[in-house]
Amino acid sequence: MKIAVLIFLLLLSPLHASANSSAPLYGIEFPPYNTAVADSGCDGKLLGEEEELARRTPSLKLHMSHRSAAADAAAGTTRKDSFLDSAKKDAIRIDTMRTRQVTLSGRRTTASSSPRRALSERLVATVESGVAIGSGEYLVDVYVGTPPRRFQLIMDTGSDLNWLQCAPCLDCFEQRGPVFDPAASTSYRNVTCGDKRCGLVSPPPPAAPRSCRSPRSDPCPYFYWYGDQSNTTGDLALEAFTVNLTAAGATRRVDGVAFGCGHWNRGLFHGAAGLLGLGRGPLSFASQLRGVYGHAFSYCLVDHGSAVGSKIVFGDDNVLLAHPQLNYTAFAPAATADSADTFYYVRLKSILVGGEILNISQETLGVAKDGSGGTIIDSGTTLSYFPDPAYQVIRQAFIDRMDKTYPLIADFPVLSPCYNVSGVENREVPEFSLLFTDGAVWDFPAENYFIQLEPDIMCLAVLGTPRSAMSIIGNYQQQNFHVLYDLQNNRLGFAPRRCAEV
């Protein structure tokens, strides 16, 4: 299950970084220090002085966003409708995760990888709310091809494959803007079926051995699934991804990024151009760039409904590392199940409501012998979820401790408990915290676990999953925290921040 970093780099080469002086691209910024790294021609291999320079270099930032409340209103979608739709989509996603988790348990595949000790250096992009396209996820701006064209991709730490809808689009969902056209890019090339990277993806169904008559010329078809009707099928390919340098309007081009060029794509992707995978696997965007931009990445998610973007950072963020409230908890070992090679597991010990540890057994929160269960942090799931026995205890704890002047609303769809808070200006709710086995505690503000769905109705933003399913810390609970994935030290960091200001 563990793949050495050296093997990983060999599989993913060529992956090159270069700089030029073309006009800046919207949405992606590099710190000025990176200019020196680009000029050195590091070519994805950091040795000697280049490694030392990389250790001193700040991170690359990409812009991300979440959809705006104004866009919801323009589309005639209420906040209640939006979150109920997200809960339905979450249910499909969780079922897929659980199936993949149990199916892969104890089975080793070439697509698996353990947490990596990455090489040094770093990078930044803008992250936006997905509301404008009817999504509960967060969107990242990327520039692909030669000449580079802008695309908005869903940011997902729960999957590995990066992919775009591609022409010819034989069966595709509707997206904003044109699909990616490989014929219009001079840097596009297919991965051949004889390439070792082809072994990192599954062939299209039926699940028979992949046909490869001409290993050096035949393409590498792939199939990647997310839910009952969410999947992408196409050709694994290599392409240039171009990003901005903050200094002097220069840009950086990274060649040879592996991605899926999807010609058949179905599912709940809500108008995005595709998906940016940030999981632990070797094909994820974070893993492919780690040899150049470092062993860590972090993001700061703006409020759901915010029209303001924030950043995702590849590499060390010195401001975050100096944050006085930065807390860490260790990632769980990837050896628990092969599915852990994609997911970021943490060791959840207890759940606190109102400052009191709830009576939830470790058997309920831990990883079972068959590889099911456990707790992951996931940017692609909207709400937070716990196995039903734990959820029932959490739910009842809030009911018992909630201010009795707030009338409990019976039979509100999906979410529970819900309260009528009409006429209440300063709404108070019991505190909610997660306690990890290493003693770290993640305290959440009320707005991260209670949702105001209507002017006078607020609901707990936590739901239950089947008894054997995993627990998930979703993106709603992560909003306005700067979350750090430190893979060199195998730990998760989190610090409260106003993400719109990052």
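Modeller: A residue of this predicted model is called buried when its relative accessible area is under 20%, exposed when that area is over 50%, and partly exposed in between.

Colleague: With that definition, what percentage of the residues of the chain count as buried?

Modeller: The chain is built from ten helices and 30 strands, and it exposes about 19,500 Å², of which carbon and sulfur atoms supply 53%. Of its 502 residues, the share that counts as buried is 58%.

Colleague: Which helix gives the largest share of the largest nonpolar core?

Modeller: The largest nonpolar core has 93 residues, and those with the most contacts inside it are Tyr-299, Ile-312, Ile-351, Phe-432, Leu-434 and Trp-442. The largest share of this core amounts to six residues, and these come from helix 9.

Colleague: On which strands does helix 9 pack?

Modeller: The sheet in question is open, with four antiparallel strands in the order 18-17-23-24. Strand 18 (356-357) and strand 24 (441-444) each have a single partner strand, so one side of each is left without a neighbour in the sheet. Helix 9 (residues 388-401), whose direction makes about 25° with that of strand 17, packs on this sheet by touching strand 17, strand 18 and strand 23.

Colleague: Which residue of strand 23 is the bridge partner of Val-353?

Modeller: Strand 17 (residues 348-353) and strand 23 (residues 432-436) run antiparallel and are joined by five bridges. Trp-442 touches several residues of the chain, among them Phe-432, Leu-434 and Phe-436. The residue that Val-353 meets as its bridge partner in strand 23 is Phe-432.

Colleague: In the open sheet with the order 21-22-26-25, which residue of strand 26 stands opposite Tyr-419?

Modeller: This sheet has four strands with antiparallel pairing, and its edge strands, which pair on one side only, are strand 21 (408-409) and strand 25 (450-454). Strand 22 (residues 418-420) and strand 26 (residues 457-460) pair in the antiparallel sense over three bridges. Opposite Tyr-419, in strand 26, stands Met-458.

Colleague: Why is strand 5 described as largely enclosed, and which residue in the turn after it has a positive phi?

Modeller: Seven of the seven residues of strand 5 (residues 138-144) are buried, so the strand is largely enclosed by the rest of the structure. Both of its faces are covered, with Tyr-138, Val-140, Val-142 and Val-144 on one side and Leu-139, Asp-141 and Tyr-143 on the other. Strand 5 pairs with strand 6 (residues 149-156) in the antiparallel sense over six bridges, and Asp-141 stands opposite Gln-152. The two strands form a hairpin with four residues between them, and the turn residue with a positive phi, of about 90°, is Gly-145.

Colleague: Which residue takes a positive phi just after helix 6?

Modeller: Helix 6 (residues 285-293) is mostly covered, since nine of its nine residues are buried, including Gln-288 and Arg-290. Just after the helix, the residue with a positive phi of about 115° is Gly-294.

Colleague: How many residues apart in sequence are the parts tied together by Cys-166 and Cys-261?

Modeller: The structure holds six disulfides, and in the one formed by Cys-166 and Cys-261 the sulfur atoms are 2.1 Å apart. The torsion about this S-S bond is about -120°, so the disulfide is left-handed. Cys-166 lies in the loop between strand 7 (163-165) and strand 8 (189-190) and Cys-261 in strand 11 (residues 251-266), so the separation of the parts tied together, in residues, is 95.

Colleague: Is Cys-212, the partner of Cys-193, buried or partly exposed?

Modeller: The sulfur atoms of Cys-193 and Cys-212 are 2.0 Å apart, and with 75° about the S-S bond the link is right-handed. Cys-193 has a relative accessibility of 11% and so counts as buried. Cys-212 has a relative accessible area of 29%, which makes it partly exposed.

Conventions. Residues are numbered from 1 along each chain as its sequence is written. This is a predicted model: local features need pLDDT of at least 70, side-chain atom pairs count only at pLDDT 80 or more; totals for chains, interfaces and linings use all residues. Side-chain values use heavy atoms; hydrogens and water are left out. Two strands pair if DSSP finds at least two bridges between them. Contact means heavy atoms within 4.5 Å. Axes are lines fitted to C-alpha atoms, for helices over the stretch in contact, and angles run from 0 to 180 degrees between N-to-C directions. Buried means under 20% relative accessible area, exposed over 50%, partly exposed in between (1.4 Å probe, protein chains only). Accessible areas come from the Shrake-Rupley method with a 1.4 Å probe; for residues, only the protein chains shown count as cover. A nonpolar core is a set of buried Ala, Val, Leu, Ile, Met, Phe, Trp, Tyr and Cys residues joined through side-chain atoms within 4.5 Å. A disulfide is a pair of cysteine sulfur atoms within 2.5 Å. Lists of a residue's contacts leave out its neighbours within four places in sequence.
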